[in-house]
Amino acid sequence: MRDLSKYRNIGIFAHVDAGKTTTTERILKLTGKVHKTGEVHDGEATTDFMDQEKERGITIQSAATSCFWKDHRFNIIDTPGHVDFTVEVYRSLKVLDGGVGVFCGSGGVEPQSETNWRYANESEVARVIYVNKLDRTGADFYRVVDQVKEILGATPLVMVLPIGIESDFVGVCDLLERKAYIWDDSGLPENYEVTDIPADMVDKVEEYREQLIETAVEQDDDVMEKYLEGEEPTMEEIKKCIRKGTINLAFFPTYCGSSFKNKGVQNVLDAVVDYLPSPTEVEPQPEVDAEGNETGKFAIVDPDGPLRALAFKIMDDKFGALTFTRIYSGTLNKGDTILNSFTGKTERIGRIVEMHADDRSELDQAQAGDIVALVGLKNTQTGHTLCDKDNPTTLEPMVFPDPVISVAVAPKDKANAEKMGVAIGKMVAEDPSFRVETDEESGETILKGMGELHLDIKVDILKRTHKVEVEVGKPQVAYRETITKPVTDSYTHKKQSGGSGQFAKIDFIYEPLETGSGIEFESTVTGGNVPREYWPAVEKGFRLSVGEGPLAGYPLLDVKMTLTDGGFHAVDSSAVAFEIASKAAYRASMAKAGPQILEPIMKLDVFTPEANVGDVIGDLNRRRGMIKSQDTTPTGIRIKAEAPLSEMFGYIGDLRTMTSGRGQFSMEFEHYAACPRNVSEEVIAEAQKRKEAKNK
């Protein structure tokens, strides 16, 4: 049995282009896992193995790999930085014990860093911070540390200080050891020497060292008492305090370097060993019942316990479907039969493999603490729990965001139609934020995703990986509807012609709710005018109806129905009659409640050189954008804004034109808001046209 205290399950996450994948490459080189370092800009990074990743120089799907450093086993997941793929970050953080948050030395805390940091907080993942790219123009370690405090509301525990900056960056000062690590110009990570701290930095090192120790000793009353009495704690005591505070999320040890130039990565690896938790040191996963409520039991990390594992990612490759699985408790052997508690069906483990990006090595057994891929599972999806069939349970499931953009695709001919069905089935299993619907009447296949880039890449995978020829329609926005005023009304459903009759009378109120409240139903009926057994039928009719709004057929948001009174017939009333009455009441009365169209509003973070700020802001105003703030950075201006998704199609091309290719932006869903009248009229007219086309 392996020693779990020597395990570190970590993820590397950051904003797009902060250097996550390059940092992962350096870790693999330093730990002897690869012998030639692959560069992202050459399309040769180990963990970016999809064609689409190599071409675009971005990470699209999280990749898993394992390596060893100082007798410790690291299971590493390199995650994407682009906002359209945050679901990959979310589900990776869900199964990790620790993380390395990478920030760009010149870009600082960028928008996607904020989102990923929030996910990590929600998943309670301990982290170390690594400020990368200190060799770049405009890099400033101290500014990034301040941004971590101000923007993320976190406490960075500065562990090293940079020696030199930008092109003069040569190494780091280790505050605890009072030693300088200086690399030569060969670019080789092992070519460094440990020397005394440069004379001009001694005062600064002492100042930051004092802050470091003061923050750390707060984790242990005895050590703090000694420190306050003037006795400096031992190195072992300080490290123990830092480890405790890191695991409790009280602070985040902060390092710096340049991954591309191979400077400073070793210190981060040492920090992972010294301060990030092993699988046994994190809060165990809660077990839940069929409704998703916590049972009070936990999946304690123990190789001898009952099997508890979470499937967090499905990946289809040339050898078949791989199910990436984090084992929390128990031991898994090749050939075992296990239970999927979500489907209630058993699955047989064909093969267990340890992943190194897209390579693999076979294992006979895996135990609590391991992250492995299982081959041959038939009915397991992301978020399903795999457990001991004699001791079933469910682990806390994953919740994924709803898509905000859709596009219609049609196969070019019959042969492609069959291939497309199989290919899309595999793609949906791999990515829970990618949804597919078939329009019953037009027969179109609608792909839904988190953004333009997300859908672009899905269509590209369809065409190139699965060799399916498709025609692609224009992107469509996921509009919604709501109501603006309450309406009190009554509806009677009567059918007396032939056979048994039907009768149901309902009095009700429809009223708008606050944004984000969802759909609610309540009954205030007293006196038995509508017997209690018919209330669920009224609610069912209402909930089935809200999928189609009265204006353009988009789903309804934030509405409450209150059943106030009604009437029934001893013979002719039934649950079906009340459900029909509820649906008919919806169609008849919803139009009186001031319905309106809602559109998705996106949060934008736009970076532009200073010379182009006027053009960029003018363009955002034309797109109905609201400017929230402008911040000056060393390399340009960062504009935060909100704008409707419908106005943002093709924005990256326009931004690049305005800024001569130097502008960048990221965009994520913020909230739904009411459309202006002219936009509503267009949306309704478009919906009417679609309806007429279907009816022809």
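**Entry 1: H6 and H8**

I began with the packing of helix H6 (residues 202-217) against helix H8 (residues 235-247) in this predicted model. Their axes are 8 Å apart and meet at an angle of about 65 degrees. I took helices as DSSP runs of H or I with at least four residues and strands as runs of E with at least two, numbered from the N terminus. Axes are lines fitted to C-alpha atoms, for helices over the stretch in contact, and angles run from 0 to 180 degrees between N-to-C directions. H6 is therefore roughly perpendicular to H8; the classes are roughly parallel under 35 degrees, roughly antiparallel over 145, roughly perpendicular from 65 to 115, and oblique for the rest.

I noted a left-handed crossing for H6 and H8. Left-handed means that the near helix is turned anticlockwise from the far one by less than a right angle, and right-handed means clockwise. On the H6 side I listed Leu212, Ile213, Ala216 and Val217, and on the H8 side Ile238, Cys241 and Ile242. Contact here means heavy atoms within 4.5 Å. I sorted these residues by class and obtained seven nonpolar, no polar and no charged. Nonpolar covers Ala, Val, Leu, Ile, Met, Phe, Trp, Tyr, Cys and Pro; charged covers Asp, Glu, Lys and Arg; the others, Gly among them, are polar.

Residues are numbered from 1 along each chain as its sequence is written. I kept to pLDDT of at least 70 for local features and 80 or more for side-chain atom pairs, while totals for chains, interfaces and linings use all residues, and side-chain values use heavy atoms, without hydrogens and water.

**Entry 2: H6 and H7**

I next examined H6 with helix H7 (residues 221-228), whose axes come within 8 Å and cross at roughly 140 degrees. The two helices are therefore oblique to each other. H6 contributes Glu210, Ile213, Glu214 and Val217 to the contact, and H7 contributes Val223, Met224 and Tyr227. By class, I recorded five nonpolar, no polar and two charged residues for H6 with H7. Ile213 and Val217 of H6 thus appear in this contact and in the contact with H8.

**Entry 3: H12 and H13**

For helix H12 (residues 535-545) and helix H13 (residues 575-589), I found axes within 7 Å of each other and a crossing of roughly 40 degrees. That places H12 oblique to H13. The crossing of H12 and H13 is right-handed. From H12 the contact takes Ala537, Val538, Lys540, Gly541, Phe542, Leu544 and Ser545; from H13 it takes Ala575, Phe578, Glu579, Ser582, Lys583 and Tyr586. I counted the classes of the contact of H12 with H13 as seven nonpolar, three polar and three charged.

**Entry 4: H9 and the whole chain**

I checked burial in helix H9 (residues 265-275), where nine of the 11 residues are buried, so H9 is largely enclosed by the rest of the structure. Buried means under 20% relative accessible area, exposed over 50%, and partly exposed in between (1.4 Å probe, protein chains only). The buried residues of H9 are Val265, Gln266, Asn267, Val268, Leu269, Ala271, Val272, Val273 and Tyr275.

For the protein chain I noted 16 helices and 37 strands. Of its 696 residues, 54% count as buried. Among contacts with a separation of 6 or more, residues 24 or more positions apart account for 71%. The chain exposes about 30,600 Å², with carbon and sulfur atoms supplying 47%; the area comes from the Shrake-Rupley method with a 1.4 Å probe.

**Entry 5: Single residues**

Most residues other than glycine have a negative phi. I looked up two residues with a positive value. Asp558 has a phi of about 55 degrees and lies in the loop between H12 and strand E33 (559-567). Asp558 is buried, at 8% relative accessible area. Arg624, with phi near 60 degrees, is in the loop between helix H14 (613-622) and strand E35 (626-633). Arg624 counts as partly exposed at 26%.

I then turned to Asp565 in strand E33, which is partly exposed at 26%. Its C-alpha atom is 6.0 Å from that of Ile506, 59 residues apart along the chain. Leaving out residues up to four places away in sequence, Asp565 touches Lys505, Ile506, Asp507, Val525, Asn529 and Val530.

Finally, I located Glu190 in the loop between strand E9 (179-183) and strand E10 (192-195). Glu190 is partly exposed at 48% relative accessibility. Glu190 and Leu30 are 160 residues apart in sequence, and their C-alpha atoms are 8.2 Å apart.
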